[in-house]
Amino acid sequence: MPTQPWDIHEHDFPRTAPRREQLAFLVEYAVLAPSTYNTQPWRFVLEEDAVQLYADPDRMLPGLDPDGRELWMSCGAALFHLRIAAHHYGYAPVIRTWPDGGEDNHIATIRLGPACEPTLRQEHLFSAIQKRRTVRDDFDDRPVSGSEVERLIRAADREGADLVAASRSDRPYLAEWSVEAGRVLATDPAVRKEWAAWGAVDPDRNDGVPRTSRHLGVLRTHTAPFLVRLPGGFTRVAAESSERIEAAPCIVVLATRQDDRPAWLDAGQALDRVLLQATAFGLAASFINHPLKVDWIRDQVAERLCPGRFPQAILRIGVPADRSDATPRRPAGSVTETVDTADDPLYP
Ligand SMILES: Cc1cc2nc3c(=O)[nH]c(=O)nc-3n(C[C@H](O)[C@H](O)[C@H](O)COP(=O)(O)O)c2cc1C
């Protein structure tokens with residue numbers, strides 16, 4: 001399994017090298033961000049003193065993600081990883097989002113600003129980057145404490161998003177929506193094609209969710225909709241889905257006030273901050289996102305859990321029972337292009 005991108009050594013940071021080399025090093029952290037179906041829908045362009053972040057529309061999933069909502073969220077997560085890595089190496093990142101007005105795939109220009117000491121919080125988030133995993137297993141019995149949930153809510157808030165903790169009485173609804181969404185999605189041929197292309201893939205690939213990922217073989221989020229179609233599968237999915245949602249130590253919904261590209265980029269940064277903060281507490285998360293992929297079910301989630309806002313992710317959070325393997329990534333070099341801007345009259 002190609003896991004080399006995860007093996008970054010801090011002492012390799014080129015402290016005295018030109019900015020471009022330093023930024024290239026930081027991109028190595030950005031590519032470890034979580035992304036929908038591990039599509040890694042990002043590209044980076046390295047200039048003399050800046051790195052440009054682009055969404056890669058070729059990696060969009062038009063069946064599962066027709067508006068690109070999760071694509072922009074995934075890029076937001078990569079941007080947040082890059083921000084935290086910059087702080088760790090002692091630079092305040094200077095970020096200009098939507099440098100071309102927001103109509104194309106150009107998300108942000110990132111420069112390294114003045115030297116600054118990272119805060120303790122930034123250091124905790126940084127040290128979580130290489131430890132974070134999406135954990136689809138059942139969690140340990142240890143509850144997630146009220147103060148941990150409060151801290152996760154504050155983490156989302158710092159990035160302009162709301163995190164809402166689901167109550168016990170919300171869980172039967174979540175279980176029903178999860179199963180119903182699986183059933184609806186399974187009827188769409190475009191979705192089925194994308195599940196086949198990106199869910200449970202060959203473990204030698206460096207994108208997609210590997211079929212060796214823990215518990216993909218049983219009824220887990222990415223594969224559950226497949227199993228709904230097997231004889232007796234629906235009853236099994238329904239039962240397992242309800243059990244897992246009932247048993248989850250904590251379930252939260254990430255929501256935003258708007259539902260457009262800037263909001264999805266913010267949601268991705270908020271999601272990433274929440275995931276890294278959770279990792280720093282020794283927690284892990286898994287997604288129950290398919291209810292948000294069916295419009296009328298997403299509306300019901302909003303109405304019950306976050307009225308007046310747009311739900312962007314549903315997470316199960318708990319203490320992982322054991323350590324999961326890292327999911328492969330495309331190496332930073334394969335998603336990065338270097339351009340020479342030094343002599344370009346268009347670049348001041
Ligand atoms: C916006 C977004 C949506 C996601 N939705 C799901 C989901 O519905 N089900 C799931 O199992 N994982 C979901 N994931 C997790 C990805 O599958 C995971 O990040 C990817 O496979 C890489 O694995 P890692 O997070 O362990 O590094 C989502 C991630 C992101 C960023």
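How many helices and strands are there in the protein chain? The answer is 10 helices and nine strands. Keep in mind as you explore that this is a predicted model. Of the chain's 348 residues, 44% count as buried. Many contacts also bridge long stretches of sequence: among those between residues at least 6 apart, 76% join residues at least 24 apart.

**The nonpolar core**

- The largest nonpolar core has 88 residues, and those touching the most other members are Leu-53, Cys-75, Ala-78, Leu-82, Val-252, Leu-254 and Val-274.
- Helix 2, which covers residues 69–88, gives the most to this core, with 12 residues.
- Both domains take part, since at least three residues of the core come from each of domain 1 (4–133 + 327–338) and domain 2 (146–318).
- For a closer look, try Leu-82: leaving aside its neighbours within four places in sequence, Leu-82 is in contact with Leu-26, Val-27, Tyr-29, Ala-30 and Ile-110.

**Around the ligand**

- The ligand is surrounded by 19 residues, and the closest are Pro-34, Asn-38, Phe-287, Asn-289 and Thr-327.
- Sorted by class, this shell has 10 polar, six nonpolar and three charged residues.
- Helix 2 turns up here too, supplying the largest share of the shell with four residues.
- Domain 1 (4–133 + 327–338) and domain 2 (146–318) each provide at least three residues of the shell.

**Two helices to trace**

- Helix 1 runs over residues 19–30, and its 12 residues reach 16 Å from first C-alpha to last, close to the 16 Å expected at 1.5 Å a residue.
- Which residues of helix 1 are buried? They are Arg-20, Leu-23, Leu-26, Val-27, Glu-28, Tyr-29 and Ala-30.
- Those buried residues of helix 1 pack against helix 2 and against four strands: strand 1 (42–46), strand 2 (51–55), strand 4 (106–115) and strand 9 (336–338).
- A handy idea for looking at helices: an α-helix has 3.6 residues a turn, so residues three or four places apart point the same way.
- Helix 9 spans residues 261–280, and its 20 residues reach 28 Å from first C-alpha to last, close to the 28 Å expected at 1.5 Å a residue.
- Helix 9 is mostly covered, with 18 of its 20 residues buried.
- After helix 9 comes Gly-282, whose phi is positive, near 85 degrees.

**Two residues to compare**

- Pro-291 sits in the loop between strand 7 (284–287) and helix 10 (295–305).
- Is Pro-291 buried or exposed? Pro-291 counts as buried because it has 23 C-beta neighbours inside 10 Å, and the cut-off for buried is 20 or more.
- Not counting residues up to four places away in sequence, Pro-291 touches Trp-177, Ser-178, Ala-181, Ile-297, Arg-298, Val-301 and Ile-314.
- Pro-291 and Val-179 lie 112 residues apart along the chain, yet their C-alpha atoms are separated by 8.3 Å.
- Ser-127 is found in helix 3, residues 120–128.
- Why does Ser-127 count as partly exposed? The reason is that Ser-127 has 15 C-beta neighbours inside 10 Å, which falls between the limit of 12 or fewer for exposed and that of 20 or more for buried.
- Ser-127 and His-88 are 39 residues apart in sequence, and 9.1 Å separates them in space, C-alpha to C-alpha.

Technical notes:
Residues numbered from 1 in each chain as written. Predicted model: local features only at pLDDT ≥ 70, side-chain atom pairs only at ≥ 80, totals over all residues. Core = buried A, V, L, I, M, F, W, Y, C linked by C-beta atoms within 7 Å. Domains from an automatic or database assignment. Contact = placed C-beta atoms within 7 Å. Near = placed C-beta within 6 Å. Nonpolar A, V, L, I, M, F, W, Y, C, P; charged D, E, K, R; others polar. Expected span 1.5 Å × (residues − 1).
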